[in-house]
Amino acid sequence: MAERAFEDSIQTDFREKLDYGSYLGLDQILVSQKPISDHHDELLFIIQHQTSELWMKLAIHELKSAVEHVKHDKLEPCFKILARVKQIQRMLFEQWAVLETLTPSEYAQFRGVLGQASGLQSYQNRMIEFLFGNKDAKAIKVFQHAPEIHAELTALLHTPSLYDEFLRHLARRRFAIPADRVERDWSQPYEESADVIAVFKRIYEDPAQYWDAYEMCEKLVDVEEQFSLWRYRHMKTVERIIGFKMGTGGSSGIPFLAKGLSIRLFPELWDVRTEIGR
């Protein structure tokens, strides 16, 4: 059998040096899993959701940066950022496969300890929805017990989304973006505009002239597609494990999740495809 000698140059004395565990805060992270039941699979359930929240934290970090770049009319840095967000979304999608190893009978043995705790109360997921433009003022009611989080979500609710800022950027470049897309009540869900479809048609039919805008459009389509796939996988995982039971947070469960599949974040970027080449 081949061997790999432990090299003499490898650091072994960390009494006064920063080591791997300290840098990553593993002493805090690895004791943050606190199952309430004694069921073997509750640890899986906790880690699944904790790691999802870590990936969401990174996605929020990246999306906020993308918004700032667009506000300053710098689209190019967003290409790398949104490519990274797409890969984060892919990781979130793939994680459902691990949770799907939890069978209905196994989950039923500890589901009761969750009480009314639910993914609906993930404020980071709500932040991502708002950054993408899926605004819903009622959704932040579940965070009233946490004033700082509620205030942060309220501010984001009333702030232009990434898509809003992209349309405002195009307006500054003298594309025919309607005035009611440049200034509006940002807390309201976005509504599709035929005029915006026409702008995207112009961009898609002359990518050489509008390459940065064209690439930004495609990057936005990438992240929305991944978001839709995540939503679908979420719904199917829930159906596989609890069927059509109500959610622990009080939602109708599968019917509620299914309605989310029809939400389109950037509707004109999808509908313009029907118009291209006509």
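The second largest pocket of this predicted model has a volume of about 190 Å³, where a pocket is, on a 1 Å grid over the protein atoms alone, an open set of points with protein on both sides within 12 Å along at least five of seven lines. Its volume is the space filled by probe spheres set on the points, which are joined across faces, edges and corners. Ile 29, Leu 30, Ser 32, Gln 33, Ile 47, Gln 50, Thr 51 and Leu 54 line the second largest pocket, lining residues being those with an atom within 4 Å of a point. Helix 3 gives the largest share of this lining, four residues; helices here are DSSP runs of H or I with at least four residues, strands are runs of E with at least two, and both are numbered from the N terminus.

The model is a prediction in which local features need pLDDT of at least 70 and side-chain atom pairs count only at pLDDT 80 or more, whereas totals for chains, interfaces and linings use all residues. Residues are numbered from 1 along each chain as its sequence is written, and side-chain values use heavy atoms, with hydrogens and water left out.

**Overall build**

The protein has 13 helices and zero strands, and its C-alpha atoms fill a box of roughly 60 × 55 × 45 Å along the principal axes. Of the 278 residues, 41% are buried, a term that means under 20% relative accessible area, with exposed meaning over 50% and partly exposed in between (1.4 Å probe, protein chains only). Among contacts (heavy atoms within 4.5 Å) with a separation of 6 or more, 71% join residues 24 or more positions apart. The exposed surface comes to about 16200 Å², with carbon and sulfur atoms supplying 55% of it, as computed by the Shrake-Rupley method with a 1.4 Å probe. There are 35 positive and 42 negative side chains, and the centres of the two sets lie 3 Å apart; Lys and Arg count as positive and Asp and Glu as negative, while His and the chain ends are not counted, and each charge is placed at NZ of Lys, CZ of Arg, CG of Asp or CD of Glu.

**The cavity and helix 6**

The structure holds one cavity of 30 Å³ or more, a cavity being a set of grid points where a 1.4 Å probe fits but cannot get out. About 100 Å³ of space lies in the largest cavity, and its lining includes Met 56, Leu 63, Ile 88, Asn 125, Phe 132, Phe 227 and Trp 230. Helix 3 (42–71), helix 4 (76–99), helix 6 (123–132) and helix 11 (211–242) each supply at least two lining residues, and the largest share, four residues, comes from helix 4.

Helix 6 is largely enclosed by the rest of the structure, because nine of its ten residues are buried. Among these buried residues are Asn 125, Ile 128 and Phe 132, which also appear in the cavity lining. The buried residues of helix 6 pack against helix 3, helix 4, helix 7 (147–157), helix 8 and helix 11. Helix 8 (residues 162–172) is likewise mostly covered, with nine of its eleven residues buried, and the charged side chains Asp 164, Glu 165 and Arg 168 are included in that buried set.

In helix 11, Arg 233 is buried, with a relative accessible area of 16%. Leaving aside neighbours within four places in sequence, Arg 233 is in contact with Phe 93, Trp 96, Ala 97 and Glu 100.

**Loops and backbone angles**

Most residues other than glycine have a negative phi. The table lists residues with a positive phi.

| Residue | Phi | Place |
|---|---|---|
| Asp 73 | near 60° | loop between helix 3 and helix 4 |
| Arg 174 | near 70° | loop between helix 8 and helix 9 (179–182) |
| Gly 133 | near 110° | follows helix 6 |

Asp 73 counts as partly exposed at 39% relative accessibility, whereas Arg 174, at 76%, counts as exposed.

Ser 118 lies in the loop between helix 5 (104–108) and helix 6 and is partly exposed, with a relative accessible area of 21%. Its C-alpha atom is separated by 4.9 Å from that of Gly 249, although the two residues are 131 residues apart along the chain. Not counting residues up to four places away in sequence, Ser 118 touches Thr 248 and Gly 249.
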